[in-house]
Every structure is written in structure tokens, then in C-alpha cells.
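Trainee: Could you take me through how one reads aromatic packing and burial in a model, starting from a single side chain and working outwards?
Mentor: Let us open the model and begin with one ring.

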Amino acid sequence: MKHLTFILLLVMTCSLTKAQQDDRGYIVKVGEKAPNIELLFPDGTKKQLKDLTGKVIMIQFTASWCGVCRKEMPFIEKDIWLKYKNNPEFALFGIDFKESKETTEKFAKDIKITYPLLLDPEGKAFYTYAAQGAGVTRNIIIDKKGNIAFLTRLYDPKEFEEMVKVIDKLLKEK
């Protein structure tokens with residue numbers, strides 16, 4: 001009986017450890033309806049994410065102080081934005097986490113991106129998708145029906161390549 005209890009505890013501990021390793025800080029899941037957020041542009045314009053249903057949407061959460069974000073953003077510019085920016089069925093928004101308009105605008109200029117970099121001064125948009133204390137380097141791909149199709153965390157070239165394939169596939173769907 002002691003051995004069975006020990007084995008059960010070991011299995012539970014391993015399962016818990018595995019769950020913690022798989023937890024990337026998201027509070028949403030692939031297949032779920034994407035929560036609506038307000039999109040706040042540096043010029044003061046506001047849009048609702050839900051109003052973009054019918055498009056494939058990429059949301060990139062970032063921050064100027066994030067080294068991994070800075071590494072990934074040129075790939076988003078080159079491999080996604082420049083490829084799809086003229087497609088009326090695609091939208092891409094970088095969302096700068098808890099930084100001022102001035103910092104956000106300087107960040108976009110410094111990193112040489114041309115895709116829209118929006119404001120999230122209080123972190124409301126970010127915390128709609130990710131847990132308190134979660135890291136900012138993450139992308140959310142939303143299909144034309146408004147469902148979450150793909151989630152990334154940090155920058156992994158293989159995962160990034162898979163994300164581009166998902167966007168391609170979603171844009172081909174009618």
C-alpha cells in the first residue's frame with residue numbers, strides 16, 4: 001500500500017510539474033472565441049476587436065524593454081506584415097504593454113516596423129489574454145469567425161514558421 005501511495009504521489013507530482021511547464025501564461029485557449037478588446041491607436045482612434053470579425057487577425061503583445069520582442073519584431077515585419085498588409089482579409093496590430101504614446105512611437109521607429117503599434121497603457125488588453133505577471137512576447141492569431149486559431153509565447157523560429165503557415169491557411173479559407 002505504501003508503494004501504491006508513493007507511485008500515485010509521484011504521478012501526481014509529475015503531472016503537476018508537466019502542467020506548469022506547459023503553462024505559458026495564457027488565460028485563453030485555441031478554439032475559444034477571442035475576447036473583445038479595445039484597440040487604441042496612438043492618434044487617439046479607438047476600434048473594437050469584435051468589429052474586425054471576417055478578417056484573419058494577428059495581435060502581437062510587446063514592449064520596448066523586451067529583448068525577445070525586439071528580436072521577433074523584424075521577422076513579423078518581413079515575413080508577415082510585408083507579405084499580407086495589402087490583403088483586405090488580414091489585420092495585424094502590435095500592442096505595446098503599459099507604455100506611453102511617446103515611448104511606443106519611438107519604439108516603432110527604433111525597431112523599424114511599419115505595422116500598427118497600438119497602446120495598452122494600463123495593460124487591459126494584455127490581461128484579457130494573459131495572466132497577471134505573464135511575459136509580453138506573445139502572438140494571438142484569430143480566424144475569420146473570431147476564434148483563436150494559434151498562440152505563441154517567446155520567439156521560437158519553428159513556432160513562428162508554423163504561425164505563418166496557419167495565417168496562410170486561414171487566409172485561403174472562405
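Trainee: Is Phe-160 buried or exposed?
Mentor: Bearing in mind that this is a predicted model, we take the relative accessible area, which for Phe-160 is 6%, so the residue counts as buried, the cut-off for that class being under 20%.

Trainee: How should I read two rings that lie beside each other, and which kind of pair do Phe-75 and Tyr-155 form?
Mentor: A pair of aromatic rings is described by the distance of the centres and the angle of the planes. The structure holds 10 aromatic pairs, and the one formed by Phe-75 and Tyr-155 is stacked, with 5.2 Å centre to centre and 15° between the planes. Because Phe-75 lies in helix H2 (residues 67-84) and Tyr-155 in the loop between strand S7 (148-153) and H5, this pair ties together parts that are 80 residues apart in sequence. As for accessibility, Phe-75 is partly exposed at 29%, whereas Tyr-155 is buried at 15%.

Trainee: What is the geometry of the pair formed by Phe-75 and Phe-160?
Mentor: Phe-75 and Phe-160 are arranged edge-to-face, with 6.3 Å centre to centre and 65° between the planes. Since Phe-75 belongs to helix H2 and Phe-160 to helix H5, the pair ties together parts that are 85 residues apart in sequence.

Trainee: Which residues form one aromatic cluster, and over which ring does the charged end of Arg-138 sit?
Mentor: The cluster is made up of Phe-61, Phe-97, Phe-126, Tyr-127 and Tyr-129. The charged end of Arg-138, for its part, sits over the ring of Tyr-26, 4.4 Å from the ring centre.

Trainee: How do I go from rings to the core, and which residues there touch the most other members?
Mentor: In soluble globular proteins, nonpolar side chains tend to be buried together. Here the largest nonpolar core has 55 residues, of which Ile-59, Phe-90, Tyr-129 and Ile-167 touch the most other members. Helix H5 (residues 157-172) contributes the largest share of this core, 7 residues; Tyr-129 also appears in the aromatic cluster.

Trainee: How many helices and strands are there in the protein, and what can be said of it as a whole?
Mentor: There are 5 helices and 7 strands, which follow the pattern α-β-β-β-α-β-α-β-α-β-β-α along the sequence. Of the 174 residues, 45% are buried, and among contacts with a separation of 6 or more, 68% involve residues 24 or more positions apart. The protein exposes about 9900 Å², 59% of which is supplied by carbon and sulfur atoms.

Methods: Residues numbered from 1 in each chain as written. Predicted model: local features only at pLDDT ≥ 70, side-chain atom pairs only at ≥ 80, totals over all residues. Heavy atoms only, no water. Core = buried A, V, L, I, M, F, W, Y, C linked by side-chain atoms within 4.5 Å. Buried < 20%, exposed > 50% of the residue type's maximum accessible area, 1.4 Å probe, protein only. Helix = DSSP H or I, 4+ residues; strand = E, 2+ residues; numbered from the N terminus. Phe/Tyr/Trp six-rings, centres within 6.5 Å; stacked < 30°, edge-to-face > 60°. Lys NZ or Arg CZ within 6 Å of the ring centre and 35° of its normal. Contact = heavy atoms within 4.5 Å. Areas by Shrake-Rupley, 256 points an atom, 1.4 Å probe, with all protein chains shown as cover.
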